[in-house]
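Trainee: Could you take me closely through one helix and its surroundings, and then follow the connections outward from there? Please give the cut-offs as you go.

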Amino acid sequence: MIELNKSPYNLTELQIQSIKTLIDNMSIEAKIGQLFFVIGQDDEVTDLDAFIRKYQPGGMMYRPDKADKIKRQIAKIQHVSDIPLFMAANLESGGNGIVSEGTWVGNPLQIAATDDTELAFQLGRVAGEQANQVGVNMAFAPIIDLDLNFRNPITNTRTYGSDVNRVQQMAKAQINGFCSEQVYPVIKHFPGDGVDERDQHLVSSVNSLSADEWMASYGKLYSHFIEKGVGCIMVGHIYQPAWERQLAPELSTEELRPASVSKVLINGLLRDKLGFQGLAITDATAMLGYTTIMPRKQLLVETINAGIDMILFNKNIDEDYQAIRDALSQGTLTQTRLDEAVTRIVATKMAQGLFGDKSLQFNDDAVIMPHPDVPRKIAQKSITLVKDRDCLLPITPQKYPRIRLVVLGDSDDGGFKEGGQVGPLFVEALEKAGFQVTCLQPNQLDFHEIFEEGVADLKAKFDLALYVANIETASNQTTTRLQWIPLMAANAPWFEKEISTVFVSTANPYHLFDVPYMSTFINAYTGNPETVQATVRKMIGQEDFTGINPVDPFCGYGDLSLQHGKKSEEEGF
């Protein structure tokens, strides 16, 4: 029984009675629709009125687009729907998660590197304000995963790091920021990503911690936020074998399931042991980590029966809805379980205040106020000097007038990346500081240089090599490691021991694993313009480096901080 007068709902008796009356009068089709959290529909290709009337979805998630377009579509959808929809976006790093004019405040790992929870609050506030302006009422954030495996290609800079206490404090502050702008937070991804090195977009991942280890880390985080009244949790396509075996020792290995389809992990661990009675929603069910478990028609029903209330995204929407209809008619899904899920959905909407007047107008322009001061402050406090073994910093035009810039990554390949290219931003900032900058062009290689030139030839061209890696965390990829040009690794710093070389990462903080010999290594965490500008200011000595390491940039290999120094003999290494 769901106690709607208690946390996380805290509804009045009048509200509870109105929910009961509403559900009693809903058709089966309307109830089935509430289970589905569909992808945002584009009114340029879809008749929104007809779509909403036919499918009656419980929620919709939009990807970034122009603010006026997003606002117009959401207003139309909410006007047509009998029951207000959750309107969600991935607001992990700023308002750019919903509108193209929104502020890219900074990736969570960058905020963690400031060690300042006020800036995490500002991340939530700015993102929430800009989302609220277009009618978004729910944030698929914050991420409370722990980045425990440097090889994981999807957690990384999306997390607040590896320290449980810091993650808790930062996420709490981000939640407060969202709530200050009437945007409902959804913490993710239960039971916790970041332990193994796989991306659940491509395969179910595994949280392999023991039950005690899990409870002291991820369990501590979820317990804290449940106690504080968090109302919605996103469930990942992630195994947690230790807890499944502890709660259901009779299960065979073949019977273990990812949390998104595991009754043991949802009804057993999340609801019974941790006490969560709020709304549980899957991560996207188009991910291979979900679709490859069992046939989809069976999978959707197993998901609801596991204790999850909403299904994020469809494949064929008509097939997915029919799977639920068939399960009800065949008795594999009961009316009682359906009503329980719908009760949680509607009660969460009631608690959020969505049952109000439909005041968001069709033709109102969305006013997105820029907030450049927030990412500037974050950049100033976050950029981290991991090592400067040979004391190359600060660099100046007098000491190193000519810079060879080599940019790695800087592409839009991979799913749903945050930013654009940082190469032009570095060129502009360095030239403004007085350097002459030449860029290595991977598609216009000088074959004489690659095969025949030595150090003296290169010294005649540049005084310092600056490597910038902008290899962003993104979905649907298996690695975020450095990749060199196959031909002779032509863009690799083979000359590092004889020509001063500095390495900056604007994304993945773990690149030292591939370039341990690098003398000077800087982590910037985010590739927005404010961070690039601050990085250059710090490199040239105009600002101090004040960022901390929210993860271990040496990847557990202490020798990465010491390897191959020019001064190694005299220092005894």
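Mentor: A residue is called buried when its relative accessible area is under 20%, exposed when it is over 50%, and partly exposed in between, with a 1.4 Å probe and protein chains only. This is a predicted model, in which local features need pLDDT of at least 70 and side-chain atom pairs count only at pLDDT 80 or more, while totals for chains, interfaces and linings use all residues. Residues are numbered from 1 along each chain as its sequence is written, and side-chain values use heavy atoms, with hydrogens and water left out.

Let us begin with helix H17, residues 423-432, where Gly423, Phe426, Val427, Ala429 and Leu430 are buried (helices, H or I, of at least four residues and strands, E, of at least two are DSSP runs, numbered from the N terminus). Their cover includes strands E13 (402-409), E14 (436-439), E15 (464-470) and E16 (501-505), together with helix H20 (529-539). After H17 comes Gly434, with a positive phi near 105 degrees.

The four strands just named as cover also appear in an open sheet of six strands, ordered E12-E17-E16-E15-E13-E14 with mixed pairing (two strands pair if DSSP finds at least two bridges between them). Strand E12 (384-388) and E14 stand at the edges, and each has a single partner strand, so one side of each is left without a neighbour in the sheet. From one strand to the next, the twist averages 20 degrees (axes are lines fitted to C-alpha atoms, for helices over the stretch in contact, and angles run from 0 to 180 degrees between N-to-C directions). Within this sheet E15 and E16 run parallel and are joined by five bridges, and Ala465 has Thr501 in E16 as its bridge partner.

Further along the chain from H17, helix H18 spans residues 447-451 and contains Phe447, which counts as partly exposed because its relative accessibility is 48%.

A second sheet is open as well, with nine strands in the order E5-E4-E3-E2-E1-E11-E10-E8-E6 and parallel pairing. Its edge strands, E5 (184-185) and E6 (187-190), each pair on one side only. E6 pairs with strand E8 (residues 232-235) in the parallel sense over two bridges, and Phe190 has Val235 in E8 as its bridge partner. Helix H9 (residues 218-227) packs on the sheet and touches E6 and E8, its direction making about 140 degrees with that of E6 (contact means heavy atoms within 4.5 Å).

Elsewhere in the nine-stranded sheet, strand E2 (residues 59-61) is joined to E3 by three bridges, and the two run parallel, with Gly59 opposite Phe86 in E3. In a regular strand the side chains alternate between the two faces of the sheet. In E3 (residues 86-89), Phe86 and Ala88 point one way, Met87 and Ala89 point the other way, and all are buried.

Thr155 lies in the loop between strand E4 (138-139) and helix H7 (164-180). Thr155 is buried, because its relative accessible area is 3%. Leaving aside residues up to four places away in sequence, Thr155 touches Asp145, Asp147, Asp193, Gly194 and Thr473.
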